[in-house]
Structure formats: C-alpha cells, structure tokens
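Colleague: Before I rely on the descriptive words people attach to a model like this one, I would like to hear how each of them is justified. Could we go through them in turn?

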Amino acid sequence: MTSELPFETERVERIGWLIQLRWLAVLISAVAVAAARIAAPGALPFRALLYVVGFVALYNAGLSLYARSLPVETIGDRDTGSAIKLACVQIVLDLIALTALIHFSGGVENPMILFFVLHTTVANVLLPRQLGFVMAALAAVLLAGMAGMEYSGLVPHHHVPLLGEIELAREGWYVTGFVGMLIVTLGLVSYLTSSISARLRERDRALMKRHREVIAKSRELEEVNERLRAIDAERTRFLTLVTHELRAPINTIHTCIELALSGHAPPDKVHDILERVMRRTEEVSQLISDLLRLARAREEARRDEPLAAVHPAEVLRGVVDLMRAEAESKDLFLSVDVDPELRRVRANPERLKLVWTNLLSNAIKYTEPGGIVAVSIKQGNEYMVGAVRDTGIGISAEDQQSLFQEFFRAGNARDLCPIGTGVGLALVRRIVENLGGKVWVESEVGLGSKFSLLLPSEKE
Amino acid sequence: MTTKGEVLVIDDDPDFCAAMQAILEADDFCVRCASQGAIGLRMMREKKPDLVFLDVIMRMPTEGVWVSEEIANDPELRDVPVIFLTSIVSSEYTGHFPTDRPLQARAFLDKPAPMAKILDLANRFAGAPTTPPTS
C-alpha cells in the first residue's frame, strides 16, 4: 500500500507530460523558424530565435534528467514537495522563453501570444493557489513589460510582414487594450482554474484521509482476526490434550472394571485392580478440578478480576500448616523464611494459596525422604520475591523448557510418580502472570530445583 | 505347570499394564511390562517375547510407531508379532500416524479393547504352550 496522495502522483505525472510536450514545442518551433527563414529571409532575427529554441531544449534536457532522479517517496502530502519546486522552475523558464520567442517574432502582433493563457492555466492546475496567482502575475508582468518596451522603443520591435502592413505594436490604444484584455483574461483563468483545482485537491485529500482510515481499520481488524485465530488454535490444541488426558484414565478404568466383572482373575488380583481404579478415579477428579481452576484463571485474565491487598506470608503459613504433615511423613525437613519487611501484594488470596500449594506439593512429591524443602519470601523494591527450593530429583534443561505447559510432565517425574495431571505448574504460571508477576525455575537433575516467584508489591 | 508364551506389554500407564498383566496371567501367559518404548526394546533384546502389546501415545505422540519400526528393523526381533493397543484412533493425535509407510503391526486394537479380543489375539500369536521357567 502506497502512502502518497493520488494528486501528488498526478503532479509528478503531469510534469512528465510537460517535459514531453516541451520537446514537441521545441521541434515545432525549430521547424517553424526554419520555414519562416526560407519563406521570408531577413524578416526576423532567426539567430536569436534559434538561441531561444536551443535554450528551451537545453533546460528541458536538464529538467528531464532531474525529474527522472526525483524519488517519489520524497513527495509528501503537503504542497512543499520537490514536485512543486520543479513545476515552478519549469513554468518560470517557459514564461521567459515564451516572452523571448514572441518578442523576436512580432511581439503583441503574434497570435502565439495566446500561449500565455495556456501557461497560466497549466501553472494553476499544477501549483497551489497562491503560487498559481504568482505565476499569472509573472506572465502579466512579462507580457506588459515586453509590449511596453517594444511600444516605447526601449527594445526593437520585430515586425512580421505576413501579419499585416500596420505595426500594431506601435499603436498605443491597441497595445493598451489588447494587453489589458489579455491580463484580465490571465487573471480570470488563474482564478477559475485554481478554484477548481483547489476544490479537487481538497476532495482528493478528504478521500485520501478516508482511504487511510479504512486501511488502518482493516489492518486493525486483520490483527484482531490473527489474534482470534491464534486463540482458537490454542484452544483446539488444549482441547486435544484435555481429551487425551481424560481418555487415558477412563480407558484404563474400563479395562480394569471389565477384568473385575469377568471373574477371570483371582480375587487378590481383583482387589489390587479395584484399588487402582479408585486411585484413577481420584486422578480424573483431580484433573477435572485442575482444569476448572485453569479455565477460571484464564477467564480471570480476560476479565480483570478485582484484587485485594493480601499478605503473602499469611497465605504461605496457611499452606505450610496443611503441608507439614505430608512433608514429615516423608521425613523431609521443611523450612520457612519470611522477610520481616514484607509488604502486601495485590492478589486473590485463594489463587495465591493455589500457587503456594502447587509449588510446595511438587517440592514434597519429588524430593526423596530425608531431603529438604525450603520456602522463602523476600521484599524487593517493587516486587515480592518468593522461592521454593528442594533437594529433589531435579529437572533436565530440556524439560525445563516445557515445564509450565499444560499436561507436560518431566520424564523423571513420571518415573517417580506415574500418575499426575501436569496441570499444576501451568496453573501457577497462569495465576502469577494474571497478577502481573513472573515465575521461573532453576534446576539440576539429581541436585534439586528452585522455583522463583515475583509478584508486584503494594506501596506502603 | 505349563505356561503359554511370553507377552510384553509396553504402555506408559502402570495401571493399564497391571490390568493387562492380570488378564493375561489368568490365562497362563507369562507377562512383563515396560513403561517406555526404549525400556521395552531393551527388555526384548534381553529376552525375546512371543508377542508385544504396544501403546502408541507415550512420552512422544507416536512413540509406539517408532518402537514397532525398531522391532521390524532388528533381525533378531522382526518375527515378534506386534499388536498396537492404543486410543490414538479415537484421539486427536490420529494425524500424527505415518501414512507414507506401512505400519509394522499384525493387529490393531482400539482402547478400551474387549478382554475377549485381547485374549483371542494373545492366544492366536502366543498361545502355544512353552516349557515352564526353570526358576
């Protein structure tokens, strides 16, 4: 999509036409001068006329080269572009050349004098209004100057015998009347042409403005569309994963129940199988709860959920109290270190509780008995910095990349604990990001993991 | 006691493996389980089974396809019948299935497969009585 105004492009095009037309004028003038010399040798200063034609050819060649080098991008939508300067130069040169040609070929007696009207029209089409008037005024001055100087004898008058016996250029009334009428005509032409031109330009500009608005709007819509498409693709991917994660335990439950019902296996086996079924139903139930929480967190991100000022340490203590028994049953040392300067954060306490619960329960789950789980919260300038460290199995660098994706479970986590939803950390990230925070992991396989958490603090 | 042939179940779901083991052992098969494709292959190379029940979607979406091709490319193992036992057909992962080459499997069972069907296939491919293990 180009940004230039059609009118500006047109102006450049018209300047191109003018250069072409001028070559034609140079050719016709040269032929006319040559013909006149053969028809009436000695009647006119042919050498001077040829010089003028040569001068026109020369500056036209220059203009042609310059116009070709003119980059279209430099032409802005204001009337101060290079195209206008080029148009001005051309018109001024043309008016001077026209005056010289007419002066050397009969002055006011030469009907070619009407070309002043043509030049004025061209000037007013091409140029902004004031400049158009200036060019009309220049044409009037050159015309009046030439006629006046020829009349007064300041410059010689070159009479063309073909145009009649009487030297009209020396007739005061004729010169005054004719030149006066011509100047009035130039003024009127200038006024009319520039009025029409200005109105067209105005309309053009309004149209262009509308055009730009439409383009901007359509771009905006395209972006929205793109975003919606991405959301839709993400939703489809998510649904694919969810259906698989739900189907797997249900298929297993189905097979187990069929076995139990068939009476095919011995009772002790059946008992074991039914225990497994029970665990799997709990897993499915857990998965559904996690999915609902995740859906709610996604929804909250869209809705700008109202938040309250929450003391993160209080929430953490509540979670630790619940988790302590589990940690002790695994013979884990659980330490909590809270910065006394800790400020409150803007959060939903239930969601924050979920974040701590998920991070802590993971640390407990994936740390071998005898290990350490250490939780700390420190106060930064603008952020609360939370950390959950463990001496657990650790996470490989590769698995760390996908750790916060829904349903992803690290390979060694699956080995240690085959059943798990893989939703917990995705939920943590979603909640933390909803609160304007950030969560990340540092870990080394066999040594342990550290999950860090930044949440924006309230200003005290 | 004479047993039927040895069956290897490769599936990342430990409960499903346990159920398969119970089903097949009750019908006198000798059953081993592997939770990953690579582990299953290693177990096959250690002791060649008579039949493999193979899941497809494990850690990778088409891990089972890779395992079946490894088996087909191994001169020692290529005669072991492989049965895909997977929910990939009814899952959205179907598109991951290769279409440019034949599947290296004797049969294809959609999860959850009827027990009778599982036993029928197991008996067809590994039902012949073998000498009981010495241990």
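Modeller: Let me begin with what "meet" signifies here: two residues are in contact if their C-beta atoms, placed from the backbone, lie within 7 Å. Please also keep in mind that this is a predicted model.

Colleague: With that cut-off, which residues in helix 4 of chain A meet residues in helix 6 of chain A?

Modeller: From helix 4 of chain A come A:Phe116, A:Val117, A:Thr120, A:Thr121, A:Asn124 and A:Val125, and in helix 6 of chain A they meet A:Leu182, A:Thr185, A:Leu186, A:Val189, A:Ser190, A:Thr193, A:Ser194 and A:Ser197. By residue class, this contact of helix 4 with helix 6 of chain A holds six nonpolar, eight polar and no charged residues.

Colleague: What makes helix 4 of chain A roughly parallel to helix 6 of chain A?

Modeller: Helix 4 (residues 115–126) and helix 6 (residues 172–262) of chain A pack at an angle of about 25 degrees, their axes being 8 Å apart. Angles under 35 degrees count as roughly parallel, and therefore helix 4 of chain A is called roughly parallel to helix 6 of chain A. The crossing of these two helices of chain A is right-handed.

Colleague: How do you know which word suits the packing of helix 7 of chain A with helix 12 of chain A?

Modeller: The reasoning is repeated with other values: helix 7 (residues 267–303) and helix 12 (residues 424–434) of chain A pack at about 20 degrees, with axes 9 Å apart. Since the limit for roughly parallel is under 35 degrees, helix 7 of chain A is described as roughly parallel to helix 12 of chain A. Here the crossing is left-handed. Among the residues that meet are A:Asp290, A:Arg293 and A:Leu294 in helix 7 of chain A, and A:Leu427, A:Arg430 and A:Ile431 in helix 12 of chain A. The residues of this contact between helix 7 and helix 12 of chain A divide into six nonpolar, two polar and five charged.

Colleague: In the open sheet of chain A, which strands are the edge strands, and what earns them that name?

Modeller: The sheet has five strands in the order 2-4-5-7-6, with mixed pairing. Strand 2 (333–338) and strand 6 (438–444) of chain A are its edge strands, each pairing on one side only. Further in, strand 5 (residues 383–390) and strand 7 (residues 448–456) of chain A run antiparallel and are joined by eight bridges, and A:Val385 stands opposite A:Leu454 in strand 7 of chain A. Helix 9 (residues 349–365) of chain A packs on the sheet, where it touches strand 4 (372–379), strand 5 and strand 7 of chain A, and its direction makes about 20 degrees with that of strand 5 of chain A.

Colleague: Why is B:Lys111 counted as buried or exposed, whichever it is?

Modeller: A residue is buried if 20 or more other C-beta atoms lie within 10 Å of its own, and B:Lys111, with 25 C-beta neighbours inside 10 Å, therefore counts as buried. B:Lys111 lies in the loop between strand 5 (107–110) and helix 4 (115–126) of chain B. Leaving aside residues up to four places away in sequence, B:Lys111 touches A:Asn251, B:Leu85, B:Thr86 and B:Ser87. B:Leu85 is 26 residues from B:Lys111 in sequence, yet their C-alpha atoms are 6.2 Å apart.

Colleague: What is the peptide bond from B:Lys111 to B:Pro112, cis or trans?

Modeller: That bond is cis, with omega near -5 degrees. Most residues other than glycine have a negative phi, and most peptide bonds are trans.

Colleague: Which class do A:Asp331 and B:Asp28 fall into, and why?

Modeller: The limit for exposed is 12 or fewer other C-beta atoms within 10 Å; A:Asp331 has 10 and is therefore exposed. B:Asp28 has 14, so B:Asp28 is partly exposed. A:Asp331 is in the loop between helix 8 (312–329) and strand 2 of chain A, with a positive phi near 60 degrees. B:Asp28 is in the loop between helix 1 and strand 2 (30–34) of chain B, and its phi is also positive, about 75 degrees.

How values were computed:
Residues numbered from 1 in each chain as written. Chains lettered and ligands numbered in written order. Predicted model: local features only at pLDDT ≥ 70, side-chain atom pairs only at ≥ 80, totals over all residues. Axes fitted to C-alpha atoms, helices over the stretch in contact; angles between N-to-C directions. Helix = DSSP H or I, 4+ residues; strand = E, 2+ residues; numbered from the N terminus. Parallel < 35°, antiparallel > 145°, perpendicular 65-115°, else oblique. Left-handed = near helix turned anticlockwise from the far one by under 90°. Nonpolar A, V, L, I, M, F, W, Y, C, P; charged D, E, K, R; others polar. Pairing = 2+ DSSP bridges.
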